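User: I'd like to go through this structure with you, one feature at a time. Could you take my questions as they come?

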Amino acid sequence: FNTSPSSSCVQVSQYACQRRTPLQDINQIFTDAFEILAENCEFLGNKELCKSFLRASAVLKSLRFPIATMKDLDGLPLLGNEMKTIIEEILEDGKCARVLDVINGERYKSFKLFTSIFGVGLKTSEKWFRMGFRTLEEIKNNPEFKFTKMQKYGFLHYEDITSYISKSEALEIYDFVRDIILKLVPDAVVTLTGGFRRGKERGHDVDIIITCPRKEKEKSILHNTITILKNQGLILFYDINESTFVETKLPSKKVDALDHFQKCFIIFKLVKEGVGATNIKDNEMESKNWKAVRVDFVITPYKQYAYALLGWTGSRQFERDLRRYATNEKKMMLDNHGLFDKTKNVFLDAYTEEDIFEHLGLEYLEPWDRNA
Ligand code: 8DG
Ligand code: MN
Ligand code: MN
C-alpha cells in the first residue's frame, strides 16, 4: 500500500500504529527538518507545535515513495499549511530557512549541548541557559555548581556516552548480561529492546527488559545482577529506581508518562578485547581499552511484561500514537503497565505483543515496522 504517489485510493492513517514505518526513511530531508523544528519547540516549551511536527514527520517516514512534488502530499493526513510551506521550500531550495535559523540559534545550540549530558534534562538546560552559560567548559569549571552524581558521571564519560553504540557492542553487552541473569534465575526472560529491537544499527544506549514467569522471582534479579557486575568492575555508575507499580491503578492519561517498574540507569564499562596493553609501547599516552556505554535495565512482573516490552520497544512517536489510538478510537487506556477497557471496565490481559494489537483491533506490526 501507498507505494505510488499518484494513486488516488491511497489512504494513509493518522496513527503510526496503523502504518508500517521501516527504518529506511526515503524522505529524510523533510523528516530531519521537521524533527529539528519539533526539538526546538520542545526546548521552547511549545508542546502542541512539537507534537504537530513529530506527527507530520512520522507520516512522511511511512511513505514508500520520495516526495517529489507538492501533488504527492494530496490525501496525506496531518500536513497543514505550516507543514506544507516547509516541504515546498525544501523541494525548491533543498533547505529551509526556518530550520537553518533554528540550528544556528543560541537557544537550540545550548539546549542540544546541555541535554547531551547524562542526567541533564530540559529544566537544568533552561537554568544554565538563563544563567548565560553556552559551553560545557564554562559549566564544568564553575566551582559554584553542585552537580548530581549522575551529571558528574555524565561529564566524566561525556565523549564515550555521546558517541554511538554499534549493534555488535549492544549484542555483546546483552549476551554478557543475559548469561549472568540466567545463571541466577534459569527461567528469566531477558530481551534486548529499544531501538536495537526495531532493527537500528546504531543507538545511544542499550535497553534490556527482564521478567520471570514464576511470580515474584523477578524481584531479586536486578540487585543480584548489579552486585555481580560491580564485583567484576564493570559498572562505572548506576542508579536504581525501585518499583512503584500498583496493579489496580488505571493507565496514565499522559502520553509521555514514565512507567513505575523497577529500573536501573547504568554506565557500563565495555572492555574491548585485545586493545590497550599492546599499544602502550607505541604510545606514551595510556590507551584506554574500554568504552563507557549507557545501559538501561527494566524489570517487570510477568503479567505486565508484554505491555512493558511494547512500551520500551518504541519508537517514542509510535508509542504516543498507540496511546492516542487507544484513547480516541477504542475508549481504552494504554500505558506500559496495561490496557484498560473503559466500556467494559476491565483490564485486558496480554502475554504477547500480538495479544495487545488484537485487543486494540489493530493488525500486528513487527518491531522493525514501528520506526515512526
Ligand atoms: P536510541 O536509544 O537508539 O536513541 O533510541 P530508543 O531506544 O528508541 O530510545 P530510548 O530513549 O532508549 O527509549 C526506548 C523506549 O523506551 C522509548 O520508546 C521510550 C521508552 N521508555 C519507557 N519508559 C522509559 C523511561 O523511564 N526512560 C527512558 N529513557 N525510556 C523509557 O517506556
Ligand atoms: Mn535506547
Ligand atoms: Mn533507554
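User: Where is Asn345 found?

Analyst: This is a predicted model, and in it the phi of Asn345 is near 60 degrees, a positive value in a residue other than glycine. As for its place in the chain, Asn345 is found in the loop between strand S9 (339-341) and strand S10 (346-347).

User: Is Asn345 buried or exposed?

Analyst: The cut-off for exposed is over 50% relative accessible area. Asn345 has a relative accessible area of 56%, so Asn345 is exposed.

User: Leu78 is another one I noticed. What is its phi?

Analyst: Leu78 is found in the loop between helix H2 (47-61) and H3. With a relative accessible area of 30%, Leu78 is partly exposed. Leu78 is not a glycine, although its phi is positive, at about 65 degrees.

User: Which residues is Ile86 in contact with, leaving aside its neighbours within four places in sequence?

Analyst: Ile86 lies in helix H3, residues 81-93. Its relative accessible area is 4%, and buried means under 20%, so Ile86 is buried. With neighbours within four places set aside, its contacts are Phe34, Leu37, Phe53, Cys96 and Arg98.

User: How far apart are the C-alpha atoms of Ile86 and Tyr302?

Analyst: Ile86 and Tyr302 are 216 residues apart along the chain. In space, their C-alpha atoms are separated by 46 Å.

User: Now the metals, please. Which residues coordinate the manganese ion (ligand 2)?

Analyst: The donors of this ion lie at 2.0 to 2.1 Å. They are OD atoms, and they belong to Asp205 and Asp207.

User: Which residues are the protein donors of the manganese ion (ligand 3)?

Analyst: Along the chain, the donors of the manganese ion (ligand 3) follow the spacing D-x1-D-x88-D. They lie 2.1 to 2.3 Å from the ion, each through OD. The residues are Asp205, Asp207 and Asp296.

User: Which residue bridges the two manganese ions, ligand 3 and ligand 2?

Analyst: The manganese ion (ligand 2) and the manganese ion (ligand 3) are 3.7 Å apart. One residue coordinates both, and that bridge is Asp205.

User: Why are Asp205 and Asp207 classed as buried?

Analyst: Buried means under 20% relative accessible area. Asp205 meets this because its value is 7%. Asp207 meets it too, because its relative accessible area is 9%.

User: Let's turn to the domains. How far apart are the C-alpha centres of domain 2 and domain 3?

Analyst: The domain assignment gives domain 1 (16-102), domain 2 (115-156) and domain 3 (166-245 + 260-302). Four residues of domain 2 are in contact with six residues of domain 3. The C-alpha centres of domain 2 and domain 3 lie at a distance of 26 Å.

User: Where is Asp256 found, and how far is its C-alpha from that of Ser125?

Analyst: Asp256 is in the loop between strand S5 (235-241) and strand S6 (262-271). Asp256 is partly exposed, with a relative accessible area of 47%. Ser125 is 131 residues away along the chain, and the two C-alpha atoms are separated by 19 Å.

User: What is the omega of the peptide bond from Gly314 to Ser315?

Analyst: Ser315 lies in the loop between H13 and H14. The peptide bond from Gly314 to Ser315 is cis, with omega near -10 degrees.

User: Happy to move on to the empty spaces. Which element gives the largest share of the lining of the largest cavity?

Analyst: The search of the whole structure finds two cavities of 30 Å³ or more, and about 40 Å³ of space lies in the largest cavity. Its lining is made up of Tyr307, Leu310, Gly311, Glu319, Arg323, Leu334, Asp335 and Asn336. Helix H13 (305-313) and helix H14 (316-330) are the elements that give two or more residues to this lining. The largest share, three residues, comes from H13.

User: How much space lies in the second largest cavity?

Analyst: The residues lining the second largest cavity are Ala257, Leu258, Asp259, Arg323, Asp335, Asn336 and His337. By class they are two nonpolar, two polar and three charged. The space in this cavity is about 30 Å³.

User: And the second largest pocket: which lining residues lie nearest its centre?

Analyst: This pocket holds about 450 Å³ of space. Its lining has nine nonpolar, four polar and seven charged residues. Of the 20 lining residues, those nearest the centre are Glu216, Glu218, Lys219, Pro301 and Gln304.

Notes:
Residues are numbered from 1 along each chain as its sequence is written. Chains are lettered from A and ligands numbered from 1 in the order in which they are written. This is a predicted model: local features need pLDDT of at least 70, side-chain atom pairs count only at pLDDT 80 or more; totals for chains, interfaces and linings use all residues. Side-chain values use heavy atoms; hydrogens and water are left out. On a 1 Å grid over the protein atoms alone, a cavity is a set of points where a 1.4 Å probe fits but cannot get out, and a pocket is an open set with protein on both sides within 12 Å along at least five of seven lines; lining residues have an atom within 4 Å of a point. Grid points are joined across faces, edges and corners, and a volume is the space filled by probe spheres set on the points. Helices (H or I, at least four residues) and strands (E, at least two) are DSSP runs, numbered from the N terminus. Ala, Val, Leu, Ile, Met, Phe, Trp, Tyr, Cys and Pro count as nonpolar, Asp, Glu, Lys and Arg as charged, and the others, Gly among them, as polar. Donors are N, O and S atoms within 2.8 Å of the metal (3.2 Å for Na, K and Ca); water is not among the atoms, so sites may look incomplete. Domain bounds come from an automatic or database domain assignment. Contact means heavy atoms within 4.5 Å. Buried means under 20% relative accessible area, exposed over 50%, partly exposed in between (1.4 Å probe, protein chains only).
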